[in-house]
Amino acid sequence: MIGNTDDAYGFPPFRYFAPAITVDGQDYHTLRQRERELLTRFVRSVRARRLARDDFSWADTIPGLIGDDEGLASRWSS
């Protein structure tokens, strides 16, 4: 996530005005550290599973993984 943010922050014009950004007295580097801390705390509480299929059937597998085949399917089709 931080790498994705770094990509965005590296492009003009942001990289030129980033050093001038302050929020509640916190400069750019302090804000970036705070962002890292918040993301780290959030990601620690997230359960994740990587799903890959050679035949592009990954979307069909999701309902079974969350244990609600019928309920999820009906919400997607309505």
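**A tour of the predicted model, element by element**

Start with F17, which is partly exposed, with a relative accessible area of 41%; buried means under 20% relative accessible area, exposed over 50%, and partly exposed in between (1.4 Å probe, protein chains only). This is a predicted model, in which local features need pLDDT of at least 70 and side-chain atom pairs count only at pLDDT 80 or more, while totals for chains, interfaces and linings use all residues. Residues are numbered from 1 along each chain as its sequence is written, and side-chain values use heavy atoms, with hydrogens and water left out.

**The aromatic cluster**

Keep F17 selected and add F14. Both residues lie in helix α2 (residues 14–17), 3 residues apart, about one turn of the helix. Helices (H or I, at least four residues) and strands (E, at least two) are DSSP runs, numbered from the N terminus. F14 is buried, with a relative accessible area of 17%.

The structure holds 2 aromatic pairs. In one of them, F14 and F17 meet edge-to-face, at 5.1 Å centre to centre and with 70° between the planes. Rings of Phe, Tyr and Trp (its six-membered ring) pair if their centres lie within 6.5 Å; planes under 30 degrees apart count as stacked, over 60 as edge-to-face and the rest as tilted. Now add Y28 to the selection: F14, F17 and Y28 form one aromatic cluster.

**The whole chain**

Zoom out and colour by secondary structure. The protein has 5 helices and 2 strands, in the order α-α-β-β-α-α-α along the sequence. Of its 78 residues, 17% count as buried. Among contacts with a separation of 6 or more, 26% are between residues 24 or more positions apart; contact means heavy atoms within 4.5 Å. The exposed surface is about 6,800 Å², of which carbon and sulfur atoms supply 54%. Accessible areas come from the Shrake-Rupley method with a 1.4 Å probe, and for residues only the protein chains shown count as cover.

**The loop between the strands**

Select D24, in the loop between β1 (22–23) and β2 (26–27). D24 has a positive phi of about 50° although it is not a glycine. Most residues other than glycine have a negative phi. At 77% relative accessibility, D24 counts as exposed.

**Salt bridges in α3**

Move on to helix α3 and show the side chains of R32, R34, E35 and E37. The structure holds 2 salt bridges, each a side-chain nitrogen of Lys or Arg within 4 Å of a carboxyl oxygen of Asp or Glu.

R32 and E35 meet at 2.7 Å, N to O. They are 3 residues apart in helix α3, so about one helical turn separates them. R32 counts as buried, at 15% relative accessibility.

R34 and E37 meet at 3.8 Å, N to O. These two are also 3 residues apart in α3, about one helical turn. R34 is partly exposed, with a relative accessible area of 37%, and E37 is partly exposed at 41%.

**Beyond α3**

Which residues make the nonpolar surface patch of about 390 Å²? Select M1, F42, V43 and V46 to display it. Patches are made of residues with over 30% relative accessible area and no salt bridge: like charges are joined within 9 Å, nonpolar side chains (Val, Leu, Ile, Met, Phe, Trp, Tyr) within 5 Å. V46 lies in the loop between α3 (28–44) and α4 (58–66) and is partly exposed, with a relative accessible area of 39%.

End at F56, in the loop between α3 and α4. F56 has a positive phi, near 65°, and is not a glycine. Its relative accessible area is 70%, so F56 is exposed.
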